[in-house]
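The exercises below ask you to read a two-chain structure step by step, with a worked solution after each task. Try each task on the coordinates before reading on.

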Amino acid sequence: MGLINKKESLSSSSTKPCAQLRAAYHDCFNRWYSEKFVKGQWDKEECVSEWNKYRACLSRHLEDKHLSRFLEAEASIYHSDKKDSSGFN
Amino acid sequence: MVKAYAQEHIYKHPWEIVTSASWRKFTDQETKPTLSHILSVDTLNRNLDTQAGKLYTTRAITVNAPGPWFIRKIIGQNICHCVESTVVDARSKSMQLITRNVSLRKYIEVEEKSWYDPHPENPESWTVCKQETSIKIKPFTALASMAEKVEQKCADRFLQNSVKGREVMERICKYLESEHSGISI
């Protein structure tokens with residue numbers, strides 16, 4: 001019991017306020033992945049509103065230096081890499 | 001000091017199901033008691049190439065730091081962040097995952113690469129998972145002599161967890177398959 005509580009408090013990382021938005025996004029993603037993406041319907045990005053809400057929450061709460069640094073680095077890689085039309089982000 | 005492992009496992013489920021299970025492995029509610037070392041999983045980035053049918057995803061996985069209490073005491077934290085980069089090519093049916101720790105790299109570097117591909121002899125219904133793991137503990141002066149023991153412990157823990165991981169994968173595959181057959185009726 002004590003151990004579980006201890007773990008629980010450790011896991012209360014900075015992104016905990018995003019837990020609901022995270023679950024909503026992951027549920028949507030999982031459904032899209034198994035019902036569409038692997039079946040050849042990859043022409044359209046889905047779960048966009050779930051993603052935007054979750055992502056906005058993450059960027060507010062991701063306090064861990066390692067991860068937020070990574071988040072920025074990754075974003076700039078994708079940004080400069082992106083050849084397709086969605087160039088506004 | 002580096003320890004490297006290679007593993008191969010055949011899932012008797014189709015690639016579509018196994019890779020779906022792989023996404024759900026750490027986020028599924030029922031999984032939590034089994035993979036209790038996983039504290040949280042966040043998706044940091046996603047990018048879909050709608051032309052090629054390729055999906056690029058980056059996730060942050062927070063785990064309980066490996067090693068005994070005295071290591072934790074020195075490192076000063078109990079958790080470790082890993083970053084998992086995944087590429088799924090739906091057209092050619094391949095999935096590749098690379099997971100690395102981003103914190104504690106001063107002390108330890110773990111890299112795990114996994115590939116999920118249709119089994120060459122039974123591509124419609126079986127999936128091969130290949131995994132390569134390297135664990136490198138950096139010897140730091142005060143603990144150099146203990147580092148090897150820690151490395152071994154870390155490796156043992158890793159192997160235990162990978163068995164647990166496969167059990168979880170099997171359970172999710174079966175669940176997804178029953179869900180599928182339910183829909184088709």
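**Exercise 1. A helix and its two faces**

How many residues does helix 3 of chain A have, and what distance does it reach from its first C-alpha to its last? Work out as well how its residues are divided between buried and exposed positions.

Solution. Bear in mind throughout that this is a predicted model. Begin with the length: helix 3 of chain A covers residues 48-61, which gives 14 residues, and its end-to-end C-alpha distance of 20 Å is close to the 20 Å expected at 1.5 Å a residue.

Next, sort the residues by accessibility, with buried meaning under 20% relative accessible area and exposed over 50%. By this rule A:W51, A:Y54, A:C57 and A:L58 are buried in helix 3 of chain A. Viewed down the helix axis, the buried residues of helix 3 of chain A fall within an arc of 135°, so they line one face of the helix. The spacing behind such a pattern follows from the geometry: an α-helix has 3.6 residues a turn, so residues three or four places apart point the same way.

Then turn to the other side, where A:K53 and A:R60 are exposed on the face of helix 3 of chain A that is turned away from its buried side. Finally, identify the cover: the elements over the buried residues of helix 3 of chain A include helix 2 (19-35) of chain A and also strand 2 (38-49) of chain B.

**Exercise 2. The setting in chain A**

Which elements make up chain A, and in what order do they run?

Solution. Counting the elements gives 4 helices and 0 strands for chain A, and from the N terminus on they run α-α-α-α. For burial, take the whole chain: of the 89 residues in chain A, 30% are buried. For the contacts, keep those with a separation of 6 or more; in chain A, residues 24 or more positions apart account for 55% of these.

**Exercise 3. Charged pairs in a loop of chain A**

Which residues are linked with A:E46 in a network of salt bridges? Describe the loop that holds A:E46 as well.

Solution. Start from the total, which is 7 salt bridges over all chains. One of them joins the side chains of A:K36 and A:E46, with an N to O distance of 3.0 Å. Both A:K36 and A:E46 sit in the loop between helix 2 and helix 3 of chain A, 10 residues apart. A second salt bridge joins A:K44 to A:E46 at 3.8 Å, N to O, a value that still satisfies the cut-off of 4 Å. Putting the two pairs together, A:K36, A:K44 and A:E46 form a linked network of salt bridges.

As for accessibility, A:K36 is partly exposed at 29% relative accessible area, and A:E46 is also partly exposed, at 22%. The loop between helix 2 and helix 3 of chain A also holds A:C47, whose phi is near 60°, a positive value in a residue other than glycine. At 7% relative accessibility, A:C47 counts as buried.

**Exercise 4. Strands and a salt bridge in chain B**

In which sense does strand 7 of chain B pair with strand 1 of chain B, and over how many bridges?

Solution. Strand 1 (residues 2-11) and strand 7 (residues 127-137) of chain B are antiparallel and share 10 bridges, with B:I10 standing opposite B:V128. On strand 6 (residues 108-118) of chain B, follow the 11 bridges that join it, again antiparallel, to strand 7 of chain B; here B:E109 has B:K136 as its bridge partner.

Now look for a charged pair between strands: B:R59 and B:E84 form a salt bridge whose closest N and O atoms are 2.7 Å apart. Since B:R59 lies in strand 3 (residues 54-64) and B:E84 in strand 4 (residues 79-89) of chain B, the pair ties together parts that are 25 residues apart in sequence. Both B:R59 and B:E84 are buried.

**Exercise 5. Where the two chains meet**

How many residues of each chain are in contact across the interface, and how much area is buried there?

Solution. Counting contacts gives 38 residues of chain A against 39 residues of chain B. Chain A and chain B bury about 3,500 Å² between them, and 60% of that area is on carbon and sulfur atoms. The rule finds 2 salt bridges across this interface. A salt bridge also forms between A:R22 and B:D42, with 3.0 Å between the closest N and O atoms.

How values were computed:
Residues are numbered from 1 along each chain as its sequence is written. Chains are lettered from A and ligands numbered from 1 in the order in which they are written. This is a predicted model: local features need pLDDT of at least 70, side-chain atom pairs count only at pLDDT 80 or more; totals for chains, interfaces and linings use all residues. Side-chain values use heavy atoms; hydrogens and water are left out. Two strands pair if DSSP finds at least two bridges between them. Helices (H or I, at least four residues) and strands (E, at least two) are DSSP runs, numbered from the N terminus. The expected span of a helix is 1.5 Å times one less than its number of residues. Buried means under 20% relative accessible area, exposed over 50%, partly exposed in between (1.4 Å probe, protein chains only). The arc is that of the directions from the helix axis to the C-beta atoms. Contact means heavy atoms within 4.5 Å. Buried area is the accessible area (1.4 Å probe) that two parts lose on being put together, summed over both.
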